[in-house]
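Biologist: I would like a close look at one part of this model. Please take the sheet and what packs against it, and walk me through it piece by piece.

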Amino acid sequence: MTQKTIKVTLVKSTNSRLQSHRDCVRGLGLRRLHHTVEVLNTPENMGMINKVAYLLKVEQ
């Protein structure tokens with residue numbers, strides 16, 4: 001059984017943000033603006049996405 005993935009794109013800068021929010025963005029594998037990654041739909045990843053949702057664009 002394959003797990004669902006979510007496309008996540010960084011659309012706002014992490015400059016002047018809380019360190020924990022920067023860590024969440026890095027934890028998702030995002031490195032720079034407009035960088036897109038596919039992450040597995042797990043509770044851990046969803047928690048990080050929800051924490052920094054104001055910086056991201058999320059697609060199913």
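Modeller: Start with helix H2, residues 43-51. In this predicted model, H2 lies across S1, S2 and S3. The helix runs at about 135° to S2.

Now the sheet itself. It is open and has 3 strands, in the order S2-S1-S3. The pairing is antiparallel. S2 and S3 (56-59) are the edge strands, and each pairs on one side only. From one strand to the next, the twist averages 30°. Strands of a sheet pair through backbone hydrogen bonds, either parallel or antiparallel.

Take the two pairings in turn. S1 and S2 are joined by 5 bridges. S1 and S3 are joined by 4 bridges. Both pairs run antiparallel. Thr 9 is a useful marker here. Its bridge partner in S2 is Thr 36. In S3, Thr 9 stands opposite Lys 57.

Next, the faces of S2. Val 37 and Val 39 make up its covered face. Thr 36, Glu 38 and Leu 40 make up the uncovered one.

Go back to helix H2 for one polar residue. Asn 45 is found in this helix. Asn 45 counts as buried because its relative accessibility is 15%, and the cut-off for buried is under 20%. What does Asn 45 touch, not counting residues up to four places away in sequence? The answer is Leu 28, Val 39 and Leu 40. Two of these names have already come up in S2: Val 39 on the covered face and Leu 40 on the uncovered one. With Leu 40 there is also a polar approach. A polar atom of the Asn 45 side chain lies 2.9 Å from the backbone oxygen of Leu 40.

That leaves the nonpolar core. The largest one has 13 residues. Val 8, Leu 30, Val 39 and Leu 56 have the most contacts inside it. Strand S1 (5-10), helix H1 (19-27) and strand S2 (36-40) each give two or more residues to this core. S1 gives the most, with 3 residues.

Finish with Leu 56, at the start of S3 (56-59). Set aside its neighbours within four places in sequence. Leu 56 is then in contact with Val 8, Thr 9, Leu 10, Val 11, Leu 28, Leu 30 and Ile 49. Val 8 and Leu 30 in that list are also among the core residues with the most contacts. Leu 28 appears again too: Asn 45 touches it.

Technical notes
Residues numbered from 1 in each chain as written. Predicted model: local features only at pLDDT ≥ 70, side-chain atom pairs only at ≥ 80, totals over all residues. Heavy atoms only, no water. Core = buried A, V, L, I, M, F, W, Y, C linked by side-chain atoms within 4.5 Å. Buried < 20%, exposed > 50% of the residue type's maximum accessible area, 1.4 Å probe, protein only. Contact = heavy atoms within 4.5 Å. Pairing = 2+ DSSP bridges. Axes fitted to C-alpha atoms, helices over the stretch in contact; angles between N-to-C directions. Polar contact = N/O pair within 3.5 Å; in protein donor to acceptor, adjacent residues only side chain to side chain.
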